[in-house]
Amino acid sequence: MAYIKIEDLSYSYPETESLALDNIKAEIQAGEFVLVVGGSGSGKSTLLRAISGLIPNYYKGSCNGTVYLDGKPVRNIDRRQLSQKVGMLFQNPESQLVMTGVEREIVFGMENIGLPNKLMRRRVAEVSTALGLSGCMRTAVSALSGGQKQKVALASILAMQPSVLVLDEPTSQLDPVAAEEILNMIRHLNEENGITVIIAEQRLERCFHLADRILVMDRGKLVYQDRKPKAVARWAVKNNSPFIPPLARVFAGVNYPQVPATVKEGRQILGSYSNNKCSRYEHPEEAKLENFNKEKNILDIQKLWFSYPNGKEALKNINLGVQAGDFVVIIGDNGAGKSTLLKAMNGLHKPGKGKVIAAGRDTRKVSVEQLSPYIGYLSQDPGDHLFLPTVREEIDFTLKNLGLSTKGVTEEMMEQFHLTPYADINPRDLSTGERQRVVLASVLASKPSVLLLDEPTRGLDYSLKEQLGNLLLRLNEHGTAVMMISHDLDFAAEYAKNILLMSEGSIIASGNKYEMLSNSTFYSPQISKLFSNIEDDVLTVEEGKKVLLNLMESNEVKALSL
Amino acid sequence: MYSYQERDNLIYQLHPATMIVFVMAIFILAMVFSHPVYLLGLLLAVGIVIVASGNFGNWKTYLRFCLMMALFIILINALFSPAGTTVLLELQVIPGFYSIQVTKEALAYGMGMSIRLMIIISVFCLYTYVINPDKILGILGRFGNKSVLVISLCTRLFPLMIEDYKRIAEVQRCRGVNYQSAKWWDRIRNLLPVCSVLLLSSLERSMQQAESLYARAYGSGSRTCYNREIWRLRDYLTLIVIVIAMLAGVWTAWMGWSTYNYYPKLNEFLINETVTAFILSLAFTVPAILNWGWMKWPTLRSKI
């Protein structure tokens, strides 16, 4: 008998008529690693909340069908018992931690279920050791990094010893290193401790191969499920679904008999072609980031040094020129100075030494507000921009603020960003991707010549990333220079022209994306790692498919000639 | 956010209840005593404990603020308190009509009050830097878990909201919202977007926190209270000495030994009062004395 059984589950949130879940049927065995994939608003989070008992007991709303846990309907299980069977980890660590100190946060759940002090002390010791938190038990939560906070949230749940761990995009707010650590922990918990894991995750390349079962959601429906990643990859390619990792997309996209789930498996498959270097692959034309300090630079950074008031030197001798039509992705580890550089470009940070010339003006002599019509800035969280009751007013706000005419411009922006149907809707009620489009429309309404974006792909699914990438390319074609910070190397490989690598406040290297990403061991996308030493300059899924097809063809020719 | 930072000495290892009793005892006696020698003794005792706990640097910051306040108190009291008989200085504000007399008694009273203020601020410094706020919440949790949760949430959310405010203000400035406008009403009006976003983001966060509380069975029935603090010999020794000293202090006040009359003429300092004040001060340095032994003889650590 299945450990978790979802039987004809349909659900709609209070005061809404549309179904967030539509007749879901699924069975999950104890100890399985289940990956739930789907776009923003597909019902992934709602399904996870139904499994953890939050729907309908906490959210109320209209619910038909039942979720069974070990044969018992979840909605009828006492909350205290349920929290000891199913633990739920949410997206944002900041929004789920409630106590001030690490130790108190870990014991919070145990206190709620009334465990005796002796048992709590034992479990705190166990769980803190297992998750590597022993050294920071007396630290304030506010002093921890995002990854550590998510570990504390996980520890708090694990201390209640649940047999099922439900995770709703647990790494979406984390940097790649912290995300990798959390996913490794989750894998370990599944493999070594036998905990059933049900996870919704956007970084499919990190957990696609771990899944025992993959559920694909779309508009509230469970559109496909299979135990084999290969079958899911084939289904996704056939149905034009973006929810498979780039590696699987390459192989399934050319109908290759095998679909690898990891780079290692992929390279083993390609191993047989290693002697057939593909001579027919047309190497992409190189776009170069050069000609610094030319007259045409719309943004010119000369010998820039910057220190924060606490004395931390964040930028060291930066020289950079940005020209119309540039699309540069800035990469580097946390604390490398990426965000500081972006803020120096639009005048939020004034140079300590050297200068930044933006739109022909020295940023030391003009205010951020004066530069804002020429330099658009999009922060990590679109929510930081939105406060007006309708999409239309939000776009109007920027124009009115800058003293520009709104006549026709707002309509044009809404049209361009496919927002016309939402003109009179509160932007905060829209999905993640739509919110981001509203912010972009409001920022770009003043037609800035440079657009600065701080990690805009964080938390976006493949489909939304594709939309954003295409949107940026369109802007770029019209001459807007795009400077963006990203940890997402697959996105950078797919859309950027140039890459800039920063470390400890300095630009370590810069160049076109082929030069920067295909010759790096760590800063390279999955596709590049797959074809490393087999074919140079392969970064994108399309390029990967071309090379694989060429390799397959040349192998066939070779076989025939023999 | 926390001012508290754990250090490796005995004072940090005392049970939080012991330290709370210490802080309360000093605070109460600072209120009860008016004799400057007794007050100086208390200030000295708190100072020794703060220095022994390794927080001299932090105390200096508090003292700087205290000295400014003390000068202000002394000056105001000397200039505007007409009491006292020993006139040191007479200032003719409006010659023939209004003059200010600075008396020795008013000056001394201002000094006495300044010492009291310094004790209270120093004991607050000790509380801030030496007692882990989480441990306090742990102790209070036994008496009212909802109130403790509210305190905890506020403590957590306050720095988060400050960070949110800074970030949102930057974002809105990049949209052309001007906070440096010359007109104050424009500046206030331009704060509206920031406050709106801050409010909306906080509401969204509170909804998510409520969900997290529910998922972790908060409010599902009676709670237990986690405690890993152990009562050790060091706590009993400290508590016994402090309680005796506290009672002795109250007794000296009852007997009138630790009270002092500044007006109309300053009382004389008696030897036996000074000796009693010294003994009391010595008693309140017990955490520092134990810490000294703890540092000097490592084998003593497990014994006490």
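These are my notebook entries on a predicted model with chains A and B.

**Chain contact**

I started with where the two chains meet. The contact draws 53 residues from chain A and 51 residues from chain B. On the chain A side, I listed the helices that each supply at least two residues: α3 (79-82), α4 (102-112), α5 (117-130), α13 (368-371) and α14. Which of these gives the most? I found α4(A) at the top, with seven residues. I then sorted the chain A side by class and got 21 nonpolar, 21 polar and eleven charged residues.

**Helix α4 of chain A**

Since α4(A) gives the most to that side, I went back to it. Is it mostly covered or mostly exposed? I noted it as mostly covered, with eleven of its eleven residues buried. The buried residues include charged ones in my list: A:E103, A:R104, A:E105 and A:E111. Also buried are A:V102, A:I106, A:V107, A:F108, A:G109, A:M110 and A:N112. What do they pack against? Within chain A, I found α5 and α6 (146-158), and from chain B, α6 (133-140). After the helix I checked the backbone: A:G114 follows α4(A) and has a positive phi, near 75°.

**α14 against α15, chain A**

Next I looked at helix α14 (residues 391-401) and helix α15 (residues 409-416), both in chain A. Their axes come within 10 Å and cross at roughly 125°. Angles of 65 to 115 degrees count as roughly perpendicular and those over 145 as roughly antiparallel, so I wrote the pair down as oblique to each other. The crossing of α14(A) past α15(A) is right-handed. From α14(A), the contact uses A:V391, A:R392, A:I395, A:D396 and A:L399. From α15(A), I have A:V409, A:T410, A:M413 and A:M414. By class, that contact comes to six nonpolar, one polar and two charged residues. I also marked that α14 of chain A is among the helices on the side touching chain B.

**Nonpolar cores**

Last, I looked up the cores. The largest nonpolar core has 185 residues. Which residues have the most contacts inside it? My list reads A:V36, A:I198, A:I330, A:M345, A:A441 and A:M483. I followed up on A:I330, leaving out residues up to four places away in sequence. A:I330 touches A:K338, A:L341, A:M483, A:M484, A:I485, A:L500 and A:M502. A:M483 is thus in both of my lists. There is also a second, separate core, of 43 residues, and B:I11, B:I50, B:W59 and B:V130 are included in it.

How values were computed: Residues are numbered from 1 along each chain as its sequence is written. Chains are lettered from A and ligands numbered from 1 in the order in which they are written. This is a predicted model: local features need pLDDT of at least 70, side-chain atom pairs count only at pLDDT 80 or more; totals for chains, interfaces and linings use all residues. Axes are lines fitted to C-alpha atoms, for helices over the stretch in contact, and angles run from 0 to 180 degrees between N-to-C directions. Helices (H or I, at least four residues) and strands (E, at least two) are DSSP runs, numbered from the N terminus. Angles under 35 degrees count as roughly parallel, over 145 as roughly antiparallel, 65 to 115 as roughly perpendicular and the rest as oblique. A crossing is left-handed if the near helix is turned anticlockwise from the far one by less than a right angle, and right-handed if clockwise. Two residues are in contact if their C-beta atoms, placed from the backbone, lie within 7 Å. A nonpolar core is a set of buried Ala, Val, Leu, Ile, Met, Phe, Trp, Tyr and Cys residues joined through C-beta atoms within 7 Å. A residue is buried if 20 or more other C-beta atoms lie within 10 Å of its own, exposed if 12 or fewer, and partly exposed in between; C-beta atoms are placed from the backbone.
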